[in-house]
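Colleague: Could you walk me through this model, starting with the ligand?

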Amino acid sequence: MHHENTPTHTGTGEGADYIVVGTGPGGSPVIRRLIDAGHRVTVLEAGPTDARPGIEDPRAAFSLFGTEIDWGLLTEPQEHLGGRALYLPRGRVLGGTSAINGMAYVRGAAADFDAWEAAGAAGWAWRDVEPYFRRLEDFGPGPGAGRGTGGPLPVRRNDDPDPVAAAFVAAAEGAGYPRNDDYNDDGGPLGASLVQATLVDGGRVTAWRAYVAPVLGSPLLTVVTEAHVTRVLIEDGRAVGVEYRGPDGEARTVRARREVVLAAGVFGTPQILLLSGVGPAGHLHEHGITRVVDLPGVGENLRDHAVVPVVWERAGAAPGVPGMGVQAQLVREGTENSMIRPDRQGIVIPYVYSTVQEGLPDSGFTTVAVVLHPYSTGTVRLRSADPADPPRIDPATLSDPRDVEALIEEVAVLRELVRRPELAAHVAAEVHPGEVDLRAYVHAAADAGHHQVGTARMGTDALAVVDPRLRVRGVAGLRVADASVMPFTPAGNTAGPTFMIGERAADLLLEDLAADPDRP
Ligand SMILES: Cc1cc2nc3c(=O)[nH]c(=O)nc-3n(C[C@H](O)[C@H](O)[C@H](O)COP(=O)(O)OP(=O)(O)OC[C@H]3O[C@@H](n4cnc5c(N)ncnc54)[C@H](O)[C@@H]3O)c2cc1C
């Protein structure tokens with residue numbers, strides 16, 4: 001695929017109809033659909049352009065962690081993880097976290113979105129969101145049962161899986177789980193599958209490249225990179241623009257005639273809202289920020305998948321450099337204790353990924369136990385009123401004991417599968433947890449699931465931050481379109497549902513404009 005490099009500043013920025021902050025899976029669809037509908041859009045992205053080769057090469061993804069295109073966030077020390085602080089990579093570049101993530105494409109389960117609706121997100125049930133998944137996809141193998149083709153986002157099967165991934169699917173089948181050839185189709189995700197990805201010809205396709213790169217030459221589009229948004233400008237209860245700092249540290253402002261859309265992600269969006277005086281009154285007061293709206297839910301409800309790696313030494317060398325990180329999955333129902341079902345996922349990574357660093361083999365693979373709907377919820381708060389200070393992130397991982405029990409159970413399921421005959425030829429030894437106490441291991445080895453959501457949750461109750469049309473409650477002309485609006489984690493990786501949110505956000509903006517075209 002050919003990509004133009006994006007200059008730091010394109011377009012004039014004059015007379016924007018809309019401002020979009022952030023260019024990940026949430027922001028990029030909004031930008032594209034607004035441009036296609038003929039509106040002037042100014043895009044502000046804190047990171048630089050995406051003109052760097054490592055982004056396209058899926059094997060280079062880990063080498064991008066800790067570079068200038070990674071926010072490199074850390075959690076607060078976690079009480080239930082022996083005081084460990086978890087590393088939170090996040091893309092800080094055109095494309096957002098889709099430029100550094102695992103590229104797995106997963107829609108989630110119908111039950112997830114029905115649960116969102118039941119929690120107050122009217123209009124977000126499966127029947128409502130399914131057309132948006134079809135609209136955003138370009139599924140390589142063709143239409144299939146309910147799959148989309150011709151959409152902006154290429155989704156491909158993995159035609160060259162690591163032998164361990166293929167053997168894992170066979171082992172799951174051998175153990176009596178259904179083989180699921182397309183976990184994204186009408187049949188839902190249950191069963192064992194090879195994972196689909198947003199890759200074309202072995203190259204990563206980010207949200208930006210899928211959606212915005214094709215319209216970069218549009219006179220309607222202004223893109224400002226290295227623009228760290230510090231607050232939303234709110235006048236008489238209406239968002240009229242944003243303030244940002246460029247690379248020189250100077251504060252600048254840009255205004256929009258119609259709306260400001262925050263798509264700065266699950267940590268950036270609540271931070272910007274709080275810095276703008278939109279959040280819990282007490283917390284704003286604590287940091288000397290003038291309150292605009294007392295919105296107690298901002299930064300609450302931080303949710304993530306709970307994960308624990310189970311590490312194996314390979315028999316024989318790994319077959320070359322692995323391409324995709326996540327290659328196979330087994331999705332299971334869970335128990336009566338599960339908040340939403342399906343609730344369990346085992347994933348296969350064809351190399352060693354381990355939080356416990358002792359005794360790691362040269363050649364190995366990892367099965368990761370995932371609880372898809374953990375009960376533990378945390379918070380994102382300001383560390384200080386300085387926008388350059390990273391937020392204080394406390395996921396409260398494993399603070400609910402039900403999550404610990406679920407992980408123990410899922411680790412046991414994975415151990416049994418990997419010990420089956422279908423995988424025997426690939427396994428030399430179990431490295432972690434090995435002989436240690438499983439409960440202690442879960443606390444020692446649990447990591448961030450990297451699927452954080454929920455810090456600007458949609459709904460209608462007192463703690464909802466946006467209404468079901470994604471409008472920030474109490475501020476006109478301000479919406480959120482990213483993973484922060486999800487009430488719960490979905491039953492799968494979060495980029496897919498975030499693309500869906502971006503697509504739907506664009507429709508909501510355009511519908512509301514059509515209903516009120518003369519608004520100044
Ligand atoms: C290591 C890792 C692996 C992952 N693997 C997968 C996977 O395989 N499949 C999957 O589906 N999901 C995966 N995810 C999750 C997925 O990438 C995210 O859920 C998704 O990117 C969220 O999209 P978003 O638009 O909400 O936020 P982001 O993609 O994070 O985008 C937010 C954007 O806003 C910008 N921004 C933030 N603050 C500001 C500010 N103040 N001013 C201006 N700009 C700002 C950021 O720089 C960024 O460009 C992974 C995540 C990580 C961290």
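Modeller: A polar contact here is a pair of N or O atoms within 3.5 Å; within protein, one must be able to donate a hydrogen and the other to accept it, and residues adjacent in sequence count only if both atoms are side-chain atoms. This is a predicted model, in which local features need pLDDT of at least 70 and side-chain atom pairs count only at pLDDT 80 or more, while totals for chains, interfaces and linings use all residues. Residues are numbered from 1 along each chain as its sequence is written, and side-chain values use heavy atoms, with hydrogens and water left out.

Colleague: How far is the side chain of Thr 97 from the ligand?

Modeller: An N or O atom in the Thr 97 side chain is 2.6 Å from a ligand oxygen atom.

Colleague: And which backbone atoms lie by a ligand oxygen?

Modeller: A backbone N or O atom of Ala 495 lies 2.8 Å from an oxygen atom of the ligand, and one of Ala 483 lies 3.0 Å from a ligand oxygen.

Colleague: Switching topic, at what angle do H10 and H12 pack?

Modeller: H10 (residues 401–418) and H12 (residues 438–445), helices being DSSP runs of H or I with at least four residues, numbered from the N terminus, pack at about 105 degrees with axes 10 Å apart. The axes are lines fitted to C-alpha atoms over the stretch in contact, and angles run from 0 to 180 degrees between N-to-C directions. That makes H10 roughly perpendicular to H12, a label for angles of 65 to 115 degrees.

How values were computed: Helices (H or I, at least four residues) and strands (E, at least two) are DSSP runs, numbered from the N terminus. Angles under 35 degrees count as roughly parallel, over 145 as roughly antiparallel, 65 to 115 as roughly perpendicular and the rest as oblique.
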